[in-house]
Amino acid sequence: MPIDFAQIPSPCFVLEERLLRQNLQLIRQVMDEAGCQIILALKGFSMYSAFPIVGEYLPGATASSLNEIKLINEYLGYRAHTYIPAYQDEEFGEVLERSSHLTFNSLSQWERFKQRVNDYNQTHPEKTVSCGIRVNPQYSEVETDMYNPCVPGSRLGVTRSHFGDTLPTGIEGIHFHTLCENGSDVLERTLEALESRFGDLLHQAKWLNMGGGHLMTREGYDIPKLISLVKAIKEKYNLDVILEPGSAIAWRTGYLVSTVLDMVESQGIEVAILNTSFAAHMPDTLEMPYKPRILGAYHEPVADKPTYRLGGMTCLAGDFMGDYSFDEPLKIGDTLVFDDMIHYTMVKTTTFNGVNLPSIGIWQANERFKLVKTFGYESFKDRL
């Protein structure tokens, strides 16, 4: 049944439970057939009100900060798979206690903290922590440099020239993350580059974490190839495989509901100003950049149809997105619904200009709307 957007406040992020479950069912099927672990990456989806649903399907979650670790512990009940580019002395003890796996970004970080890891594992044999190192295979097909961890001078991961013939004593896993919403064909070529540089070390490892960027819930993704790739590398190197997709979990599972506040004409261009913001509430649309889809709108201008540039409510000049066409002219008070606004969106919102954050809600499987959270002055003040 279609969502009744009239029941939903504006602006509001709305997760559709039915669609989330569809994604999770597919991911669980891949995990079972491939014989690997697929875990939630909080960097892409941290909506903890939906974690009980996620927990029905996935066996773990990965964090990139102590705060994300705590969220995993509290709302999923898992010890975290943790990768932080640089660990801090004052946090490291708590990170150890709350994690099952730790990946180090550099050999120097491992040298700095390995004694603390060894001491912890000796005193806590019932919950030892398995450690890995992030590697840079120096191969990525990500076109936007901001999202490409293999650009020259990247701080993320260790290149092969820094290793000897063996993994450092105490390191059990190898981790790479070089994909970004890619297909399994890109993974295939990435694994070829990884094996060409690190194949001898893979034979020494107990686990391989392939990071995120595996967009297996996108239409047209070659799932059988993904399963065969995972099976092949597991068998070849006799290790466990972990995937931690960010986008795939919540891909196309929800919306950002907005309202037209004003209509202005600017040098021959019709502009609709909304009660949401591209810069504050949808920053990826400007960073990637990409043009989000709007339900019921034409993604590109259509001749002889009402066409508008959409502007956000902040005073940033670049807080706009254009141009969209509609079957009928827009008017103040109209509802506009941005599609696919759950992954990598809520986790990046800001209160720039003091704008309120959008509310958060779930369109439940029983076709009722549940308002999860609203924000106001205190949310803005607490960030400052």
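**Sheets and cavities in a predicted model**

Author: UniProt, in an unreviewed entry, lists residues 252-341 as "domain: Orn/DAP/Arg decarboxylase 2 C-terminal". Positions follow the numbering used here, the feature name is shortened, and the annotation may be inferred rather than shown by experiment. The model is predicted: local features need pLDDT of at least 70, side-chain atom pairs count only at pLDDT 80 or more, and totals for chains, interfaces and linings use all residues. Residues are numbered from 1 along each chain as its sequence is written, and side-chain values use heavy atoms, leaving out hydrogens and water.

Reader: How far apart are the end C-alpha atoms of residues 252-341?

Author: Take the make-up of the span too: 9% is helix and 39% is strand. Helices (H or I, at least four residues) and strands (E, at least two) are DSSP runs, numbered from the N terminus. The end C-alpha atoms of this span lie apart by 7 Å.

Reader: Which strand pairs with E11 over six bridges?

Author: Strands pair if DSSP finds at least two bridges between them. Strand E1 (residues 12-16) joins E11 (residues 254-266) over four bridges, and strand E15 (residues 335-339) joins E11 over five. Both pairings are antiparallel. The antiparallel partner with six bridges is strand E12 (residues 269-274).

Reader: Which residue takes a positive phi in the hairpin of E11 and E12?

Author: Ser266 has Ile269 in E12 as its bridge partner. The hairpin has two residues between the strands. The one with a positive phi, near 55 degrees, is Gln267.

Reader: Which residue stands opposite Val257?

Author: Look at both neighbours of E11. On the E1 side, Leu15 stands opposite Gly254 in E11. On the E15 side, Val257 stands opposite Val337.

Reader: Which are the edge strands of the open sheet?

Author: The open sheet has nine strands with parallel pairing. Its order is E2-E10-E9-E8-E7-E6-E5-E4-E3. An edge strand pairs on one side only, and that fits strand E2 (37-38) and strand E3 (40-41).

Reader: Which residue in E7 stands opposite His101?

Author: Strand E6 (residues 99-104) and strand E7 (residues 130-134) run parallel. Four bridges join them. Opposite His101 stands Ser130.

Reader: Which elements give two or more residues to the lining of the largest cavity?

Author: A cavity is a set of points on a 1 Å grid, over the protein atoms alone, where a 1.4 Å probe fits but cannot get out; lining residues have an atom within 4 Å of a point. The lining residues include His81, Tyr83, His101, Thr103, Trp207 and Asn209. Those elements are E5, E6 and E9.

Reader: What is the volume of the largest cavity?

Author: A volume is the space filled by probe spheres set on the points, which are joined across faces, edges and corners. The structure holds two cavities of 30 Å³ or more. The second largest has about 30 Å³ of space, and the largest has about 50 Å³.

Reader: How many residues lining the second largest cavity are nonpolar?

Author: Ala, Val, Leu, Ile, Met, Phe, Trp, Tyr, Cys and Pro count as nonpolar, Asp, Glu, Lys and Arg as charged, and the others, Gly among them, as polar. The lining consists of Ile84, Ala86, Tyr87, Gln88, Glu91, Phe92 and Val95. One is polar, one is charged, and the nonpolar ones number five.

Reader: Which residues lie nearest the centre of the second largest pocket?

Author: A pocket is an open set of points with protein on both sides within 12 Å along at least five of seven lines. This one holds about 500 Å³ of space. Its lining has 13 nonpolar, four polar and three charged residues. Of the 20 lining residues, those nearest the centre are Tyr48, Met346, Ile360, Lys373 and Phe375.
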